[in-house]
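Dear colleague,

I am passing on the structure we spoke about, and it follows directly below. After it come my notes on the aromatic rings, the nonpolar cores and the largest pocket.

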Amino acid sequence: MKRQRLNWVLLAAALGLGGAVYFAQQGEPPGPPLTAYKPDAVTRIALDHPGAPAIRLEKQGGAWQLVAPIIAEADPFEVNALVGLADRETKLKLEGATLKDLDLDPPQFTLTLNDAAIGFGATEPLEYRRYVKTADGAFLVEDPPGAALDKDYADLVAKDLFPAGAEIERIEVPGLTLARGADGNWAVTPPDPKATADAMQKMADGWKGARSMWNEQARGAKVSGGKVRVTLKGGVVREFTVAAREPQLKLYRADLGVNLVLSRALADELLKLPELPQEKKPEAP
């Protein structure tokens, strides 16, 4: 009899545990999105931090551009982090909350997607969610990634050194110029025994595919490295200064006030002709 009762107790416990797991998996119904927009409907972005220059982005011809405080191609990955907030699920509406206690009066900074403003406040200490404020009230949301929301605009600048599809016609680095002739072949000045067709093409391909790992604001930075000048098809010229080679290669764009931070290994690929392995000659019999 006692054994039978124990079995019933264990069965009830198992059913209760199973029910708890089932309902936990169902979760709470999703909360309303932060804005009425879907991410692909956003065409204008404004990011305002107190005491910092206003950051403005616009979608032009299907691509995002920084239009303030500088004009530059924008990084798609970083912009996606911003527009992805348009339909970010709200976890909890804070009824009767004192906005000042949540750092929402005034907010720490404001992101505006089209005409929908989102004020960002403090982070709550239990699940590290972020307090936000919209026209519909104050909410808790999952804390978004921070780099794109920083007051530093540098990470919003495109990480690719050149626009997609750009063709390079001329590369001038300290002590070396690589230029494409009318026949489409590369030539180097001054003459160099390492300047094989494969070596010159590898250097050109290295520049075409170069991409920074991250960017850093450096307006007014003192740089003493050599100058680099890359001419694209159509006459567009991009100028860089080699700001550092260690511990990473940094290319400074004075027109943007930004250092593009690349892998140290790329210094040998971008700033001099590569030394390709020589084919072994067959041994004499």
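**Aromatic pairs**

Three aromatic pairs are present in the structure, where rings of Phe, Tyr and Trp (its six-membered ring) pair if their centres lie within 6.5 Å, and planes under 30 degrees apart count as stacked, over 60 as edge-to-face and the rest as tilted. Please bear in mind that this is a predicted model, in which local features need pLDDT of at least 70 and side-chain atom pairs count only at pLDDT 80 or more, while totals for chains, interfaces and linings use all residues. Residues are numbered from 1 along each chain as its sequence is written, and side-chain values use heavy atoms, with hydrogens and water left out.

One of the pairs is formed by Phe162 and Phe240, which meet edge-to-face at 6.2 Å centre to centre with 85° between the planes. This pair links distant parts of the chain, since Phe162 sits in the loop between β9 (137-142) and β10 (168-173) and Phe240 in strand β15 (residues 237-244), 78 residues apart; helices (H or I, at least four residues) and strands (E, at least two) are DSSP runs, numbered from the N terminus. Phe162 and Phe240 are both buried, that is, under 20% relative accessible area with a 1.4 Å probe and protein chains only.

Trp207 and Phe240 make a tilted pair, 6.1 Å centre to centre and with 35° between the planes. Trp207 belongs to helix α3 and Phe240 to strand β15, so this pair ties together parts that are 33 residues apart in sequence. Phe162, Trp207 and Phe240 thus make up one aromatic cluster.

**Nonpolar cores**

The largest nonpolar core (buried Ala, Val, Leu, Ile, Met, Phe, Trp, Tyr and Cys residues joined through side-chain atoms within 4.5 Å) has 62 residues, and Ile45, Leu57 and Trp207 have the most contacts inside it. Helix α3 (residues 197-209) gives the largest share of this core, four residues. A second, separate core has seven residues, including Leu94, Leu102, Leu104 and Leu140.

**Largest pocket**

A pocket is an open set of points on a 1 Å grid over the protein atoms alone, where a 1.4 Å probe fits, with protein on both sides within 12 Å along at least five of seven lines, and lining residues have an atom within 4 Å of a point. The largest pocket holds about 300 Å³ of space, and of its 18 lining residues the closest to its centre are Glu73, Ala74, Pro76, Ala158 and Asp160. Strand β3 supplies the largest share of the lining, three residues.

With best wishes

Technical notes. Buried means under 20% relative accessible area, exposed over 50%, partly exposed in between (1.4 Å probe, protein chains only). Grid points are joined across faces, edges and corners, and a volume is the space filled by probe spheres set on the points.
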